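Me: I should like to learn how to read the features of a protein model. May we take them one at a time?

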Amino acid sequence: MSVGQGAKRKQRSDKKRQSAPTISIVLKDTIHRLSYITDTPVKDVAEAICISGLTSKKVIGYLALNFRRDLRLGQTVYMGDISRPSLQRKVAPGKTERITIRFHAHDYEHVATLAYALDVSPSRATALLLDAAIRNSEFLNDYVRDYLKRELDERRMEELKKVMRYLRKNNPYEEDLTWTHLLTYIVSEVKDGAQSMADGVGTFISKWK
């Protein structure tokens, strides 16, 4: 059946919605570094950060301190207070720039719901979400670990786990070694000679055998 000239075209169910929040240069540079380390497009990294934040009780709990309207997520109700100051016009200190993110429709609706609770625009809510979520060490560790699992075959992933166990056992510092720490170290060691991040990890592993 052909579509008439005056008929509306059907919207694609997977069509993405764009958001272009204004964020600090420092935050934008951090996202670009994570993009480089994991060899992943910036827009995909930014989207993953936001989605992780939307599903993290730690991140939502932090943002909830600024909720001006009530928000229910699952079984948890976050109470808003309209007397709290609005964050709409509170910009990040220092220089700022825009970053472009494209969300699937259902994820964008979650961002819009968060914006309603914060009493800000969806773009501003996205900026606040990016900043809060990327500071969550659990996100960074899980994101890097999942990246390595995708890029490395089972044998090399197992070798990398052995390296992690050794470094954790022999770590003289109090802070626990994370996958993010390890991958950052690998990048600094092999970035000049590696053709790809996977090759770089392979080179790093070979040094420890």
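**Reading a predicted model**

Reply: Let us begin with helix α5, which is mostly covered: ten of its 13 residues are buried. Please keep in mind that this is a predicted model.

Me: Which residues of α5 are buried?

Reply: They are Arg124, Ala125, Thr126, Ala127, Leu128, Leu129, Leu130, Ala132, Ala133 and Ile134.

Me: How does one judge the length of a helix such as α2?

Reply: One compares the span expected at 1.5 Å a residue with the distance between the end C-alpha atoms. Helix α2 covers residues 42-54, and its 13 residues should span 18 Å; the end C-alpha atoms lie 19 Å apart, which agrees. Helix α5, residues 122-134, reaches 18 Å from its first C-alpha to its last, close to the 18 Å expected.

Me: Which residues of α2 are buried?

Reply: A general idea helps here. An α-helix has 3.6 residues a turn, so residues three or four places apart point the same way. In α2, the buried residues are Val42, Val45, Ala46, Glu47, Ile49, Cys50, Gly53 and Leu54.

Me: Is threonine 126 buried or exposed?

Reply: Buried means under 20% relative accessible area. Threonine 126, which lies in helix α5, has a relative accessible area of 0%, and therefore counts as buried. Apart from its neighbours within four places in sequence, threonine 126 is in contact with Ser19, Pro21, Cys50, Ile101, Phe103 and Val111.

Me: Where does aspartate 119 lie, and what is its relative accessibility?

Reply: Aspartate 119 lies in the loop between α4 and α5. Its relative accessibility is 24%, so aspartate 119 counts as partly exposed. Neighbours within four places in sequence aside, aspartate 119 is in contact with Arg68, Arg69, Ile82 and Ser86. The side chains of aspartate 119 and arginine 69 are joined by a polar contact of 3.3 Å.

Me: How many residues along the chain separate aspartate 119 from phenylalanine 67?

Reply: The two are 52 residues apart along the chain, while their C-alpha atoms are separated by 7.3 Å. Another such pair is tyrosine 36 and valine 187, which are 151 residues apart in sequence and 9.4 Å apart in space, C-alpha to C-alpha. Tyrosine 36 is placed in helix α1 and is partly exposed, with a relative accessible area of 45%.

Me: What may be said of the protein chain as a whole?

Reply: The protein chain has nine helices and six strands, and 38% of its 209 residues count as buried. Among contacts between residues at least 6 apart in sequence, 66% join residues at least 24 apart.

Note on methods:
Residues are numbered from 1 along each chain as its sequence is written. This is a predicted model: local features need pLDDT of at least 70, side-chain atom pairs count only at pLDDT 80 or more; totals for chains, interfaces and linings use all residues. Side-chain values use heavy atoms; hydrogens and water are left out. Helices (H or I, at least four residues) and strands (E, at least two) are DSSP runs, numbered from the N terminus. The expected span of a helix is 1.5 Å times one less than its number of residues. Buried means under 20% relative accessible area, exposed over 50%, partly exposed in between (1.4 Å probe, protein chains only). Contact means heavy atoms within 4.5 Å. A polar contact is a pair of N or O atoms within 3.5 Å; within protein, one must be able to donate a hydrogen and the other to accept it, and residues adjacent in sequence count only if both atoms are side-chain atoms.
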